[in-house]
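Trainee: I would like to go through this model one question at a time.
Mentor: Go ahead; here it is.

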Amino acid sequence: MSDQKNQKYGTKEFYEERVGEHFAKLREHIDDTGFVLFFLAKKSAGKGTYSKILQNITDGKIMHLSVGDLVRASEKRALDPEQREEFVNELREFYKGSDDIDDVVDKFIKEASDLSALLPTEMVMALIEKAVKDNQGKALVIDGFPRSLDQVEIAMRMQDDFEKKGLPSAFVELDCPDDVLVQRQLHRVVCPECQTPRNVKVLLTEQIEYDEDSGEYHLICDNKECDNVRMKKKYANVTADDIDKIKAVQDQVKELIHHVREKAAHCHIKVSNHVHVDDAGNHDPDDFTLEASFDWDPESKKVIKNFKPWIIKDDEGREAYSRWPDPVVAELVKALSEWLDLKKQSK
Ligand SMILES: [Zn+2]
C-alpha cells in the first residue's frame, strides 16, 4: 500500500542505509562459507515473506528452501517410473536410516499425499542434506523443518554435521505475538470472485466504498477483472470461540519454539516483529505498521482514510507496535552478520 508503507522497502538501498556495514559483511560471509538456517515461526507469521526478502536483497545468494515444496517435487519424481530409480540413487548418498530406502520411498509417497502427516524424518533429512550439497556456495533458509520435538534433536545433529564441514548453522526464531495473527485473521477480507486477500486494517485496496444505508465500509477488489466487487469478511461477528480457535492452531509450533529456546540456546537467533511501546523512542516511527480507519465525508461523498500506528499486545500482555517485515529483516541481517563474525573468530 503506497499510503501505508515506506517506498524503499524491499530494495537493497533500504538495507544499505539501515545496516550497510552488516549487509556487506553478510554477503562476504556467504561467499566465504555459506550457512544453513532453520526458520521457526508461528503459522502465518511470515516465514515465506521474510525468506523471500532475504533472497531478493542478496540476489539469490540466500535461498529459501521450503520443505513442503521440496517434498512435493520429490514426490513427483518418486511417482514417475522413469525417474524413480535415479531419485532413489541420488538420495542413497544422504540417507542414514536403517530401513531399506526403497521401502522408505514407498512410505514417503503414501504419506506425502497427506500434508497433515509427518513424513518419515530420515527421508526429509536426506532431502535437506541433498539440497544443501546441491546449493554449495549459497546460504539456505530452511522453512518447514523441524516440525516436531523429535525433529528438533535431529535438526541439532544435522547442525553439528554442517558445522564440522565448515558450514555455520543456527535456528532463527521470528517472534510474532498471537494478537497480530488473531487481528490479521479477524480483519481479513477476501474477494468472492478472485479470492485475493486483503485486510481492513493493515492491507487496504485503493478504493473503499461507504454504504450509507448500513453505515459500513467495504474494500473494493483492485483486480481489474473483478468489476468493483466488494470484498467479504470471514468473521462477521467475532466470538471468543473464534479467537480461541485461531490461537489453538499455534499450540504445537509454540511448544516447538519453546523447546528450541531451551535446548539450542547456543545457536538460537531471535528477531521480533514488534517493539514495546516504552521502547518506541529507539526506533524509526516509519517502521511501525499503520492501522487504517475510515470517515465518510457527506459533502464530497468520499471516504477518508486515516492512519495511526497499530498497537497490539505481545504474548505477555504488554502493548507493542507491530512492524513491517523489512525493518525486522534488517535486524536479522545485523544479527546474522554478528553471529557469522563470531563463528569466524572462533575458528
Ligand atoms: Zn477480485
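**Helix packing, core and two sites**

Mentor: In this predicted model, Phe 14, Tyr 15, Arg 18, Val 19, His 22, Phe 23, Lys 25, Leu 26 and His 29 of helix 1 are in contact with Asp 326, Ala 330, Val 333, Lys 334, Leu 336, Ser 337, Leu 340 and Asp 341 of helix 11.

Trainee: How do the residues of the contact of helix 1 with helix 11 divide into nonpolar, polar and charged?
Mentor: Phe 14 is among the helix 1 residues of this contact, and Lys 334 among those from helix 11. The division is nine nonpolar, three polar and five charged.

Trainee: At roughly what angle do the axes of helix 1 and helix 11 cross?
Mentor: Helix 1 covers residues 12-32 and helix 11 residues 325-345. The crossing is left-handed. The two axes come within 8 Å, and they cross at roughly 35 degrees.

Trainee: Which residues touch the most other members of the largest nonpolar core?
Mentor: In soluble globular proteins, nonpolar side chains tend to be buried together. The largest nonpolar core here has 73 residues. Val 333, which also takes part in the contact of helix 11 with helix 1, is one of four with the most contacts to other members; the four are Leu 37, Phe 39, Ile 142 and Val 333.

Trainee: Which residues is Ile 142 in contact with, leaving aside neighbours within four places in sequence?
Mentor: Two of its partners, Leu 37 and Phe 39, are also on the list of core members that touch the most others. In full, the partners of Ile 142 are Val 36, Leu 37, Phe 38, Phe 39, Leu 65, Val 67 and Ile 128.

Trainee: Does Leu 174 count as buried or exposed?
Mentor: Leu 174 lies in strand 4, residues 169-175. Beyond four places in sequence, its contacts include Phe 39, Tyr 50 and Val 271. The cut-off for burial is 20 or more C-beta atoms within 10 Å. Leu 174 has 24 such neighbours, so it counts as buried.

Trainee: And how does Trp 324 count, with its C-beta neighbours inside 10 Å?
Mentor: Trp 324 sits in the loop between strand 15 and helix 11. Its contacts beyond four places in sequence are Lys 5, Tyr 9, Asp 287 and Thr 289. Because it has 19 C-beta neighbours inside 10 Å, Trp 324 counts as partly exposed.

Trainee: What separates the C-alpha atoms of Trp 324 and Asp 287?
Mentor: Asp 287 is one of the contacts of Trp 324. The two are 37 residues apart along the chain, and their C-alpha atoms are separated by 6.0 Å.

Definitions and conventions:
Residues numbered from 1 in each chain as written. Predicted model: local features only at pLDDT ≥ 70, side-chain atom pairs only at ≥ 80, totals over all residues. Axes fitted to C-alpha atoms, helices over the stretch in contact; angles between N-to-C directions. Helix = DSSP H or I, 4+ residues; strand = E, 2+ residues; numbered from the N terminus. Left-handed = near helix turned anticlockwise from the far one by under 90°. Contact = placed C-beta atoms within 7 Å. Nonpolar A, V, L, I, M, F, W, Y, C, P; charged D, E, K, R; others polar. Core = buried A, V, L, I, M, F, W, Y, C linked by C-beta atoms within 7 Å. Buried ≥ 20, exposed ≤ 12 C-beta atoms within 10 Å, placed from the backbone.
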